[in-house]
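Me: I am new to this structure and would like a close look at a single part of it, the four-stranded sheet and what packs around it, with enough of the rest to see where that part belongs. Please go slowly and tie the pieces together.

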Amino acid sequence: MFIKDYISKDYPAFNTSDSIEEANEVAKEFGYSHVFIKKKGIYQGALSQQFLEESPEGNLASLEHHFEKFALLDDGNILDSIKLFHTFNTNIIPIITKQEKYRGYFSCDDVFSEFAKYPLFSETGALLVVQIHSKNYSMTDVCKIVESNNAKIYGCYISSFVDEDVQITLKISSENLSSIDETFERYGYNVVHKYYDDEKEELLKDRFGFFQKYMEF
């Protein structure tokens with residue numbers, strides 16, 4: 001989970017004296033959304049490949065006012081990268097030291113490769129989203145409800161806040177799903193979404209289908 005274990009160094013950072021055209025060509029060759037600029041080894045910022053495509057000829061120093069200041073420290077962790085990928089619409093993030101020296105980069109593919117190893121994503125199971133008032137929320141209770149129904153939790157996290165309520169998303173094994181639903185509701189949780197086939201709902205649908213056929217005669 002630590003950034004230092006995933007630093008790649010095959011994508012260069014450009015000096016401010018390098019040409020805009022060169023930086024643009026390298027970005028297109030690698031397929032990355034941004035290029036990184038340094039001056040005397042110190043990270044200065046990033047420019048999007050699309051912006052470079054539309055810029056006039058010259059060196060990167062001429063675009064200094066457009067540098068985007070985003071980066072990760074080399075002692076950070078992978079979770080720190082998620083917001084940066086989204087905020088700056090990038091598929092690559094520069095890694096720097098506390099002294100702001102450029103060390104390399106971290107790509108969104110690295111994130112997917114790492115997260116794919118976690119049971120939250122790799123295990124087959126059911127997804128459940130439950131909601132309750134924040135003052136009544138307890139992760140201990142959430143886990144207890146699932147495990148008391150002889151199911152396993154592969155992952156559990158707060159997925160959103162809705163007014164004064166909190167929504168919790170769970171990835172769980174597929175045993176006793178209907179009983180888990182009922183237990184959550186009994187404890188005051190609202191089951192917002194469930195991504196699996198509910199046996200009781202399917203039974204009701206079947207019975208309603210038989211009833212419709214009966215009424216047609």
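What follows begins with how far the model can be trusted, turns to the sheet, and then widens to the rest of the chain.

Reply: The model is a predicted one, and its confidence is a sensible place to begin. The mean pLDDT of the protein is 87, with 90% of the residues scoring at least 70. Among the elements, β3 has the highest mean pLDDT, at 97, whereas helix α8 (residues 199-216) has the lowest, at 47. Two stretches call for particular caution: residues 199-205 stay under 50 in pLDDT and have 4 contacts beyond four places in sequence, while residues 210-217 are also below 50 and, near neighbours in sequence aside, have 0 contacts in the model. Where pLDDT is low, the predicted coordinates should not be read in detail.

The part you asked about is an open sheet of 4 strands, arranged in the order β8-β9-β7-β10 with antiparallel pairing. Each of β8 (153-162) and β10 (190-195) has a single partner strand, so these two stand at the edges and one side of each is left without a neighbour in the sheet. From one strand to the next, the twist averages 20°. Strands of a sheet pair through backbone hydrogen bonds, either parallel or antiparallel. Here strand β7 (residues 126-133) and the edge strand β10 are joined in the antiparallel sense over 5 bridges, and within that pairing L127 stands opposite Y195 of β10.

Two helices accompany this sheet. Helix α6 (residues 139-148) packs on the sheet by touching β8 and β9 (165-172), and its direction makes about 135° with that of β8. Helix α7 (residues 177-186), for its part, lies across β7, β9 and β10 and runs at about 5° to β7.

Between β9 and α7 comes a loop, and S173 has its place there. Which is S173, buried or exposed? With a relative accessible area of 3%, S173 counts as buried, because buried means under 20%. The side chain of S173 has a polar atom 2.8 Å from the backbone nitrogen of K152, and a polar contact of 2.6 Å links the side chain of S173 to that of E175. When neighbours within four places in sequence are left aside, the residues in contact with S173 are A151, K152 and Y154, so K152 appears both in this list and as the partner of the S173 side chain through its backbone nitrogen.

To see where this part belongs, it helps to look at the nonpolar cores. In soluble globular proteins, nonpolar side chains tend to be buried together. The largest nonpolar core here has 34 residues, and Y11, V35, F36, L47, L52 and L60 are those with the most contacts inside it. At least two residues of this core come from each of α1 (20-30), β2, β3, α3, β5, β6 and α4 (108-115). A second, separate core has 18 residues, among them V146, L170, I180 and Y196. Returning to the largest core, L52 touches I20, A23, N24, V35, L47, L60 and L63, residues up to four places away in sequence not being counted.

There is also an open sheet of 3 strands, ordered β1-β2-β3, whose pairing is mixed. At its edges stand β1 (14-15) and β3 (42-48), each with a single partner strand, so one side of each lacks a neighbour in the sheet. Between β1 and strand β2 (residues 34-39) the pairing is parallel, over 2 bridges, and N15 stands opposite K38 in β2.

Strands β5 (residues 92-96) and β6 pair in the antiparallel sense over 5 bridges, with P94 opposite Y105 in β6. These two strands form a hairpin that has 5 residues between them, and E100 in its turn has a positive phi of about 70°. Strand β6 (residues 102-107) is mostly covered, as 5 of its 6 residues are buried.

One more loop completes the view: G76 is located between β4 (72-73) and α3 (79-87). G76 counts as buried, at 12% relative accessibility, and, apart from its neighbours within four places in sequence, it is in contact with M1, F2 and I3. The C-alpha atoms of G76 and I95 are 9.3 Å apart, with 19 residues separating the two along the chain.

Key: Residues numbered from 1 in each chain as written. Predicted model: local features only at pLDDT ≥ 70, side-chain atom pairs only at ≥ 80, totals over all residues. Heavy atoms only, no water. Buried < 20%, exposed > 50% of the residue type's maximum accessible area, 1.4 Å probe, protein only. Contact = heavy atoms within 4.5 Å. Pairing = 2+ DSSP bridges. Core = buried A, V, L, I, M, F, W, Y, C linked by side-chain atoms within 4.5 Å. pLDDT = per-residue confidence, 0-100. Axes fitted to C-alpha atoms, helices over the stretch in contact; angles between N-to-C directions. Polar contact = N/O pair within 3.5 Å; in protein donor to acceptor, adjacent residues only side chain to side chain.
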